Amino acid sequence: MADSAQTAPSHGEQTPLTLISDFNADILARLLNFAESGPKIIAHSAPFGQVYQSLAGLEPDANRMVMVWSRPEGVLPSFADALAFHPVAWEALAAEIDQFSALLRRAADASRHLLVATWVMPPGDRGYGMLEWRPGVGLRHLLARANLYLAEKLDTSNIHLLDAQNWLMAAGPKAAAPRMAFTTKTPYANPVFDAAAADVRAAVTALRGESRRLAVVDLDDTLWGGVIGETGWQGVRLGGHDHVGEAFVAFQQGLKALTRRGVQIALASKNEESVALEAFDKRPEMVLKRGDLAGWRINWNDKAANIAALTDEINLGLKSVLFIDDNPAERGRVREALPDVLVPEWPKQPTEYAAALRALDCFDQPALSGEDRRRAELAAAERERREARDGVDSIDDWLATLGVTVTVVQAHESHAPRIAQLFNKTNQMNLSTRRLSEAELAAWTQQPNHWLRAVSVRDRFGDSGLTGVVALDVDGATARVSDWILSCRVMGRGVEAALLHLAVAEARSRGAERLEARYLPTQRNAPCLRLLRASGWREESEHLFVWDAKEEYPSPGHIVLDA
């Protein structure tokens, strides 16, 4: 059969790859050449079924990469006999592996890198059934021994074995393609080739030095369950006899394990730093400790700016960064502002976090040194270097594209449980931190001089639900903001100002001439004070903020207010 080649787009740095196989692997070549993301690869399929001839005929090319994907029965006659249940001596099979590995080493000498797929059993083949792992009998036992022997023979820096069994596992029961095996000599279904292509792209990325080396992670509902600013370090879900708490521990264990592969861990969270770090110091269930962290930015600033600053501090490029956050709005902000940062979609269920982390292929690397294993320790010692990165897109521009809609709702009975929850569980963005039961809340709102509205918030990334409350106590010409409450998960999108706009508009409609908002400090509501001081209201005396009701208070232009 004539050589087949598919050409990739010509833009960007390209990696030439020669694909050698004992079966028709053109599907893999096409997947590599026309991938929408990842490294640019020019894959060329050598004539299939001629593995030995193709390996022997390779001309030296220092820029070329070679991939060899063979079935054991296609290159090892003794294993083909074993599949037919003939008894096979290990010595005979080992001699064939010696011959094959010698050709592979020669191909590696003639190329920049050599990728070799490990051998797998034919999909669905039960072999000897319950005897499969019996030494001297089972085919899987024999094949495992063959793979280990091959790996020892190919222990060279520019030869890299890829685990083909994972590709079959990814396809599950649909790995085999019996009809295609006869008609086009393609023994595997498309999902197998999809998984293989993903592994090859990850390997090429690693060999080009473009692996991710810094994982920046959110805190609330990402590293632990709940919002630490609301519950304190004692109240977050972590460990214990709680399947969700156990899931967060497993996720932290996965992150800690990455530090032993040379991956650094950093934090980017909208929180009070002193409050958040208490969990690292006081919760015994915390797997990650301060000493495991390359750095952190725990504040109320834009996360994209914080990630840029962290990256500069750790002396890495943005292409080395992975960002994990449970909040789709934060993921979207970072993805748009810092396109070089890898921002994977993340499961909604914490029980899936650890598996999602282990499934990431962005940390693959061709070698691992002792220094790599100490990378987190070394980085932690250098985290005093703190310089912010310039050039991050304007937060105002991002807000304009976010599509925030704030829907105003009255305190109907159907909303009462959630409104009461906001009163009783919100700590950070809470003006007076009043704690009211549903009955007390209903009694308060029934007073003619009292007014309360709740808001739900949604944007193009999803619906955050009922997340804000503002309330007034009107006494003649003075209207007092008794409550200004907002869930921390929607802070920073301008909803705070929209709530103040509603309060001023209501006060004006009732003939008030002056609005007052008295901030009552607690250990956790410092963010509320900062937002008040940035709101444009005048701080008449310490913690007493006023607004002249003769003037309207504008709602943020990027917010659609559905009143």
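User: Happy to have this one open! Which residues does the UniProt annotation "domain: N-acetyltransferase" cover?

Analyst: A quick note on the model first: it is predicted, so to speak of local features pLDDT must be at least 70, and side-chain atom pairs count only at pLDDT 80 or more, while totals for chains, interfaces and linings use all residues. Residues are numbered from 1 along each chain as its sequence is written, and side-chain values use heavy atoms, with hydrogens and water left out. The annotation comes from an unreviewed UniProt entry; UniProt positions are given in the numbering used here, feature names are shortened, and annotations may be inferred rather than shown by experiment. According to that record, the domain covers residues 406-563.

User: Thanks! How far apart are the end C-alpha atoms over residues 406-563?

Analyst: Over this stretch the chain is 26% helix and 35% strand. Helices (H or I, at least four residues) and strands (E, at least two) are DSSP runs, numbered from the N terminus. The end C-alpha atoms are apart by 8 Å.

User: Which helix gives the most to the largest nonpolar core?

Analyst: A nonpolar core is a set of buried Ala, Val, Leu, Ile, Met, Phe, Trp, Tyr and Cys residues joined through side-chain atoms within 4.5 Å, where buried means under 20% relative accessible area, exposed over 50% and partly exposed in between (1.4 Å probe, protein chains only). The largest such core has 44 residues, and Trp484 and Trp537 are among those with the most contacts inside it. With eight residues, the top contributor is helix H21 (residues 495-509).

User: Which strands do the buried residues of helix H22 pack against?

Analyst: Helix H22 spans residues 526-533, and its buried residues are Pro527, Cys528, Leu529 and Leu532. One of these, Leu532, touches Trp537, with contact meaning heavy atoms within 4.5 Å. The buried residues of H22 pack against strands E14 (478-486), E15 (514-518) and E17 (544-548).

User: Is His543 buried or exposed?

Analyst: His543 sits in the loop between strand E16 (538-541) and E17. Its phi is near 70 degrees, a positive value in a residue other than glycine. With a relative accessible area of 15%, His543 is buried.

User: Why is strand E5 largely enclosed by the rest of the structure?

Analyst: In a regular strand the side chains alternate between the two faces of the sheet. In E5 (residues 113-117), His113, Leu115 and Ala117 lie on one side, with Leu114 and Val116 on the other, and both faces are covered. E5 is largely enclosed because its buried residues number five of the five.

User: Which residue is the bridge partner of Ala117 in E6?

Analyst: Two strands pair if DSSP finds at least two bridges between them. E5 runs parallel to strand E6 (residues 159-162), with four bridges joining them, and E5 also pairs in the parallel sense with strand E4 (residues 65-69) over four bridges. In E6, the partner of Ala117 is Leu162.

User: Which strands are at the edges of the open sheet E9-E8-E7-E10?

Analyst: Four strands form this open sheet, and the pairing is parallel. Strand E8 (residues 264-270) is joined to E9 by six bridges. Each edge strand pairs on one side only, and these are E9 (293-299) and E10 (321-324).

How values were computed
Lists of a residue's contacts leave out its neighbours within four places in sequence.
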